[in-house]
Amino acid sequence: MIIKILKIAYLTFLFLSLSLKASAPDTKQLTIISTESIEPYRNLIHAIGWVETMHDTLAYNPVEQAVGYFQIRPIRVKDYNRRTGSHYKLKDMYNYEISEKIFLYYAEQIGPYDPGKIARNWNGSGVRTYYYWNRVKKYL
């Protein structure tokens, strides 16, 4: 008898749950969820920009012929063009977007997890790059 009652209760529950319609509430609103983009090099770019030029996109160092925010030298432009098939000229390095693109190309060769190595490689080679890295670290 108890089994029959349980079967009837189960079938009643099943029938009622299937006959109810599930629907979303009728609202006239739109929800846009935005997330911040991941920019693993943003802080390093800021720090290097401060050390190199105090964020001056029009900076020029006549001794090294270094140009723009990142103080890109002719040899770096030549190397980047050779590696990527681009045809940039030194004067293009005054354009922040182009010079950032070149910086990020070299930073990506190392990856975002070693900002010290990125900064030292960006600066050149040798012992003096550790001095440079210590200056950059102050702005991170």
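**Notebook: aromatic pairs, core and pocket**

I searched the whole structure for aromatic pairs and found 12. The pair I looked up in detail is Trp-50 with Tyr-139, a tilted one, with 5.8 Å centre to centre and 55° between the planes. This pair links distant parts of the chain: Trp-50 sits in helix α2 and Tyr-139 in the segment after α6, 89 residues apart. I note that the model is a predicted one.

Are the two partners buried or exposed? Neither word fits: Trp-50 is partly exposed, at a relative accessible area of 30%, and Tyr-139 is partly exposed as well, at 37%. Both values fall in the class between under 20% for buried and over 50% for exposed.

I then looked for aromatic clusters. One cluster is formed by Tyr-69, Phe-70, Tyr-80, Tyr-88, Tyr-96, Phe-103, Tyr-105, Tyr-106 and Trp-122.

**Overall layout**

I counted 6 helices and 2 strands in the protein. Along the sequence I read the pattern as α-α-β-β-α-α-α-α. The protein has 140 residues, and 29% of them count as buried. For contacts between residues at least 6 apart in sequence, I get 47% joining residues at least 24 apart.

**Core**

Which residues have the most contacts inside the largest nonpolar core? I list Leu-44, Ile-48, Phe-70, Ile-102, Phe-103, Trp-122 and Val-136, in a core of 24 residues. Helices α2, α3, α4 (96-110), α5 and α6 each supply at least two residues of this core.

I followed Ile-48 further. Leaving out residues up to four places away in sequence, Ile-48 touches Phe-70, Phe-103, Ala-119, Trp-122, Tyr-132 and Val-136. Of these, Phe-70, Phe-103 and Trp-122 are also listed in the aromatic cluster.

**Helix α5**

I asked which residues of α5 are buried. They are Gly-116, Ile-118, Ala-119, Arg-120 and Trp-122. I note that a charged residue, Arg-120, is in this list. The buried residues of α5 pack against α2, α3, α4 and α6. Ala-119 and Trp-122 of that list are also touched by Ile-48. After α5 comes Gly-124, and its phi is positive, near 140°.

**Asn-81**

I checked one polar residue in helix α3, Asn-81. Asn-81 counts as buried because its relative accessibility is 15%, and the cut-off is under 20%. What does Asn-81 touch, not counting residues up to four places away in sequence? I find Ser-86, His-87 and Tyr-88. Tyr-88 is also a member of the aromatic cluster.

**Largest pocket**

I looked up the largest pocket last. Its volume is about 400 Å³. The lining has 20 residues, and Glu-52, Glu-64, Arg-73, Asn-123 and Tyr-132 lie nearest the centre of the pocket. Tyr-132 is also among the residues that Ile-48 touches.

Which helices supply at least two residues each to the lining? I have α2 (42-53), α3 (74-84), α5 (115-123) and α6 (128-137). Helix α6 gives the most, with 4 residues. By class I record 9 nonpolar, 4 polar and 7 charged residues in the lining. Helices α2, α3, α5 and α6 thus appear in my notes on the lining and in those on the core.

Methods: Residues numbered from 1 in each chain as written. Predicted model: local features only at pLDDT ≥ 70, side-chain atom pairs only at ≥ 80, totals over all residues. Heavy atoms only, no water. 1 Å grid on protein atoms, 1.4 Å probe; cavity = no way out; pocket = protein on both sides within 12 Å on 5 of 7 lines; lining within 4 Å. Points joined across faces, edges and corners; volume = space filled by probe spheres on them. Core = buried A, V, L, I, M, F, W, Y, C linked by side-chain atoms within 4.5 Å. Buried < 20%, exposed > 50% of the residue type's maximum accessible area, 1.4 Å probe, protein only. Contact = heavy atoms within 4.5 Å. Phe/Tyr/Trp six-rings, centres within 6.5 Å; stacked < 30°, edge-to-face > 60°.
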